[in-house]
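Let's take a walk through the charged side chains in this one. Have the viewer open and follow along.

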Amino acid sequence: MDRYLASELLPPFLFGVGAFSSIGVTIDAVFELVRKIVESGLPISIALKVFLLKFPNFIVLAFPMATLLATLMTYSRLSSESELIALRGCGVSVYRMVLTAVFMSFLVTGMTFVFNEQIAPIANYQASLTLDQALKSEKPMFKQENIFYPEYRYIRQKDGDKEKILTRLFYADKFDGKRMTGLTIIDRSQESLNQIVVAESAQWNASQNVWDFSNGTIYLVAADRSYRNIVRFEKQQLELPRTALDVAQRSRDYGEMNIIQSLEQLELERLGGDDQKIRKLQVRIQQRISLPFVCVVFGLVGAAMGTIPQRTGRATSFGVSVIVIFTYYLFYFITGAMAQAEIFSPFMGAWLPNFVFLGIGIFILRRVAQR
């Protein structure tokens, strides 16, 4: 029975992966690439390479949709042709019939996780890099101008509340990939002494973990904001965090980072203290973790809906799949936005759609089993 059900599930699953990924990459990439070929003279060979590099990202999105389509289409056909009734007549429970689909969904979950972590981020990054190089884009692979990086800390007040204050402000006019120029740094990390550093240029010294500043002035200010001293220098080493350099060198978008890289970016954002960016990244990380498990949820929902006694064709199953997919992702985007607005926690914002649809699948399956 398992071999038979697996052989029935595989063709519609492969069809779904091909159909949904093709639709996605066509809408997102093909039209834009055709425009660049016509308007910017992008070589067709480069456009084809970029197209292929973008495909893994849409395969990741197609895996859950194809799982839903395969389970719903297969079990609906078996139900309409009374094959499920025959299996139940032989003593096979509904739960046992659906177990094959759930097991397959877990396999697809593993495939989705591998694609989402090891293949899609690298492919997305290479696609962006290839396109920029082909078009000779002036956009650098790092932040070139106006590098602005604040650091904050919290101070507990006498009434117990925490107040967020600026600890250090780092600004540079330009960055060429190695050296920053036109620097102004306000350092308030020491309670007894504040300093303002203005320098012509600075470069990170990796061997000593310090900044090498050139041609600048250090203004020392006491805690009561009175004048202390002015130090002019040609060369000066300062022990400041390299976080500003990491921010300037960070060139990948979220879709070009895996979970480990996203967690590293989260640590940088936490040092900066931008609560909105921190919250958004926390939600995105949880969504990246929860996405592969949509395959299990859709597999159960599709199999449960398919086992309902009915007579439906493939077109009806495809239409129902589209409605379920649209409803799920609408709910997914809403809960994600609510999590970013701090109505939900990042975990609940990413996982609540999975929990809700999993509950719906279990409810439908129990109702069918009780008939």
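This is a predicted model, and it holds eight salt bridges. Why would such pairs turn up at all? Side chains of opposite charge can pair when their charged atoms come close.

Start at R77. One of its partners is E81, with the closest N and O atoms 2.8 Å apart. How exposed is E81? Its relative accessibility is 45%, so E81 falls in the partly exposed class, which runs from the 20% mark for buried up to the 50% mark for exposed.

R77 also meets the side chain of E83 in a salt bridge, this time at 3.5 Å from N to O. E83 comes out at 25% relative accessibility, so it is partly exposed too.

Now jump to another pair: E117 and R288 form a salt bridge, and their closest N and O atoms sit 3.7 Å apart. Where do these two residues lie? E117 is in helix α4, residues 94–134, while R288 is in helix α7, residues 275–290. The pair therefore ties together parts that are 171 residues apart in sequence.

Are the two ends of this bridge buried or exposed? E117 has a relative accessibility of just 7%, so it counts as buried. R288 is buried as well, because its relative accessible area is 8% and the cut-off for buried is under 20%.

Finally, swing back to R77. Salt bridges with shared partners link R77, E81 and E83 with E8, and the four residues make up one network.

Definitions and conventions:
Residues are numbered from 1 along each chain as its sequence is written. This is a predicted model: local features need pLDDT of at least 70, side-chain atom pairs count only at pLDDT 80 or more; totals for chains, interfaces and linings use all residues. Side-chain values use heavy atoms; hydrogens and water are left out. Buried means under 20% relative accessible area, exposed over 50%, partly exposed in between (1.4 Å probe, protein chains only). Helices (H or I, at least four residues) and strands (E, at least two) are DSSP runs, numbered from the N terminus.
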